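Hi,

Here is the structure I said I would pass on. Have a look at it first, and then read on for what turned up.

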Amino acid sequence: MGIPPGTSEPIASDPGGNMPGPTPFGRRPMTFGMLASQAAARKIEPGRSIDKWKLYRALCEARPLLGITDRALSIMNALLSFYPKGELSEDSRLVVFPSNTQLSLRAHGMAEQTIRRHLAALIEAGLLIRKDSPNGKRYARKEQGGDIREAFGFSLAPLLARADEIERLAAEVAAERLQLQRLKERLTICRRDIAKLIEMAMEEGASGDWSGVHLHFRGIVERLPRSPSSEKIAAALDELELLREEITNRLEIQVKAPNQSGNAQHSERHIQNSNPYLITELEPGFETKQGATADDRSEGRAEPMARIATHEGKGRPVPAANSTSVAAGGLRSFPLGLVLQACPEITAYGPQGSVGTWRDLMAAAVVVRSMLGVSPSAYEQACEVMGHENAATVIACVLERAGHINSAGGYLRDLTRRAERGEFAIGPMLMALVRTNSPIRGKTG
């Protein structure tokens, strides 16, 4: 019996049907890659076998390193389903011969042109080998007893031959994914730490250029692409961890700095607040002269009216406590527009539901003070130390963050004490609220 046209002696002498044909049918060219795949398929170790679905899962894991798509894997899954046994074995037939119509049904209705394209990709990747018949059709020849003598279609031998390589690549991809996940977790924690430390430093008025530090932090984060590689995440993480260490060291130095005069100042304030001979108005400094213009900022800075009491018949007046407090506090005032941009909620408490001048803001602060449970003495002391405009500004800021502050009165007293020592600045607090209340809020790490 002669050799069929288009075939060669190796196919005729392959009783197991595993050895692929040397050349493809029709106009498809022969390539060195095909020749190498055929050579590798002939070197399968005797008795070698592996679970086909375990190997398929490893193939899915190793997909990025093998250069194949998920659609190509769908075709491979369909081809493996046509293999009757659960294990790919060297001593069994490894050729499957489904038609494109059958493949389409098992590949969830994929179009035949798409199937051909992905079959070519699997062959190009060295995961399949064509075993073409003389006429290019896929079929099997059976013996009289019904056993398949020879089959033409696709050989799965490269999968078995490269099983160890595929499992190794899958392990590398899994390790890389785990490493990437751990790097992302560390990056997230580091970004959160830095963002909260900077926010705390700005709110607490810590010395330093915290706006510049925040810009540097955002610059590092925004250099990362949407889907960064492990190398880029590791480089950014190194920078962020160094920045976090610098911020922490700077803040710890300020925390550990000895406060020589803290106890004395606390005692002096206690004596002043306990003085029974100094009786002040419940709400300081909102009286204005008849006919004064609403925009007159000097009225907003009026000193609290002190009622002068006498002690044991002595007629010596007690001077107003805040005659030099603004100079002592040294706090900088900010434009009203910036204050309202940072603290929009206070406008609802102004005269007629709006705030247009500093006098309106200070009147709104009186209402909010009572609503927040701040005692008149605490607010009066804040006015004496910070000045009326700044005290009203602080009340507006406290209103914005009321949900995060347990005791507004205690918080205001603490800010007042820090302002007396020159350790508090309103600017960072305002700028943090401006960023929070801006229409387009940036990422915070």
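A salt bridge here is a side-chain nitrogen of Lys or Arg within 4 Å of a carboxyl oxygen of Asp or Glu. R116 and E112 fit that description, with their side chains meeting at 3.4 Å, N to O. Both residues belong to helix α7 (residues 112-124), where they are four residues apart, about one turn of the helix. R116 is partly exposed at 43% relative accessibility, and E112 is partly exposed too, at 33%. One thing to keep in mind throughout: this is a predicted model.

Now the overall picture. The chain has 445 residues, and 39% of them count as buried. It is built with 20 helices and eight strands. Among contacts with a separation of 6 or more, 71% are between residues 24 or more positions apart. About 24,600 Å² of the chain is exposed, with carbon and sulfur atoms supplying 52% of that area.

Back to the salt bridges: the count comes to 14. Side chains of opposite charge can pair when their charged atoms come close. The spot I would show you is around R418, in helix α19 (residues 408-420). R418 forms a salt bridge with D414, with 3.7 Å between the closest N and O atoms. These two also sit four residues apart in one helix, α19, about one turn of it. Is R418 buried or exposed? R418 counts as buried, because its relative accessibility is 7% and the cut-off for buried is under 20%. Its partner D414 is partly exposed, at 28%.

The pairing goes beyond those two, as E204, D414, R417 and R418 are linked in a network of salt bridges. Leaving out residues up to four places away in sequence, R418 touches E203, E204, G205, E423 and F424. One of these, E423, has a salt bridge with R421, at 3.2 Å from N to O. R421 is partly exposed, with a relative accessible area of 27%, and so is E423, at 36%.

Next, the cysteines. How many disulfides are there by the rule used here? The count comes to zero. A disulfide is a covalent bond between the sulfur atoms of two cysteines. C343 and C397 are worth a look, though: the sulfur of C343 has its closest cysteine sulfur in C397, 3.7 Å away, which is too far for a bond, because a disulfide needs the sulfur atoms within 2.5 Å. C343 is buried, with a relative accessible area of 0%, and C397 is buried as well, at 1%. Another cysteine, C383, lies in helix α17 (residues 376-386) and is buried with a relative accessible area of 1%. C383 and T416 are 33 residues apart in sequence, with 8.9 Å between their C-alpha atoms.

Last, the rings. The structure holds one aromatic pair. W53 and Y56 make it up, in an edge-to-face arrangement with 6.0 Å centre to centre and 90° between the planes. They are three residues apart in helix α3 (residues 52-61), so about one helical turn separates them. W53 is partly exposed at 31%, whereas Y56 counts as buried at 15%. Two charges sit over rings elsewhere. K131 lies over the face of F152, 5.7 Å from the ring centre. The charged end of R218 is over the ring of F217, at 5.6 Å from its centre.

Happy looking!

Terms used
Residues are numbered from 1 along each chain as its sequence is written. This is a predicted model: local features need pLDDT of at least 70, side-chain atom pairs count only at pLDDT 80 or more; totals for chains, interfaces and linings use all residues. Side-chain values use heavy atoms; hydrogens and water are left out. Buried means under 20% relative accessible area, exposed over 50%, partly exposed in between (1.4 Å probe, protein chains only). Contact means heavy atoms within 4.5 Å. Accessible areas come from the Shrake-Rupley method with a 1.4 Å probe; for residues, only the protein chains shown count as cover. Rings of Phe, Tyr and Trp (its six-membered ring) pair if their centres lie within 6.5 Å; planes under 30 degrees apart count as stacked, over 60 as edge-to-face and the rest as tilted. A charge sits over a ring if NZ of Lys or CZ of Arg is within 6 Å of the ring centre and within 35 degrees of the ring normal.
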